[in-house]
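Dear colleague,

I am passing on the structure below, together with some notes on what turned up when I went through it. Please have it open beside you as you read.

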Amino acid sequence: MTMISFSNGDVKKIMPDQRIYYYADAQTIHTAYPDGLEVLQFPNNQIEKHYPDGTQEIVLPDHIDGQREIDNAQLRRREHLDGTVKTVFCNTRQETKYSTG
């Protein structure tokens, strides 16, 4: 493992299976994996996953609203805790599916 500390408080760790960068001012952790996946963890417990194909998955912390959001070139989908799924497609078509059918 290689660790580099910067004067602004940021820290970079390089390991064979991942690279971790800690942004001190933002208190955010950015982890990059060899397969192209990048994961950001924010101080409010929000987690963002950025996949190599351009898909983004955002998981908001439960104490805010607990929704899960998926974003890519084809669509933007928000999954709510009650099971409702709202999707907006790239052609602007919208679809809402309720947990009750």
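A residue counts as buried under 20% relative accessible area, as exposed over 50%, and as partly exposed in between. Tyr 23, at 33% relative accessibility, is therefore partly exposed, and the same term applies to Phe 6, whose relative accessible area is 36%. Please keep in mind throughout that this is a predicted model.

Both of these residues belong to one aromatic cluster, which is formed by Phe 6, Tyr 21 and Tyr 23. The structure holds two aromatic pairs. In one of them, the ring centres of Phe 6 and Tyr 21 lie 5.9 Å apart with their planes at 35 degrees, so that this pair is tilted. It links distant parts of the chain, since Phe 6 sits in the loop between strand S1 (2-5) and strand S2 (11-15) while Tyr 21 is in strand S3, 15 residues apart. Tyr 21 also pairs with Tyr 23, again in a tilted arrangement, with 4.5 Å from centre to centre and 45 degrees between the planes.

Two residues other than glycine have a positive phi, and I describe them in turn. For Gln 27, phi is near 50 degrees; this residue is placed in the loop between strand S3 (18-23) and strand S4 (28-32), and at 46% relative accessibility it counts as partly exposed. For Thr 92, phi is near 75 degrees; Thr 92 lies in the loop between strand S10 (85-89) and strand S11 (94-97), and its relative accessibility of 63% makes it exposed.

With best wishes

Definitions and conventions
Residues numbered from 1 in each chain as written. Predicted model: local features only at pLDDT ≥ 70, side-chain atom pairs only at ≥ 80, totals over all residues. Heavy atoms only, no water. Helix = DSSP H or I, 4+ residues; strand = E, 2+ residues; numbered from the N terminus. Buried < 20%, exposed > 50% of the residue type's maximum accessible area, 1.4 Å probe, protein only. Phe/Tyr/Trp six-rings, centres within 6.5 Å; stacked < 30°, edge-to-face > 60°.
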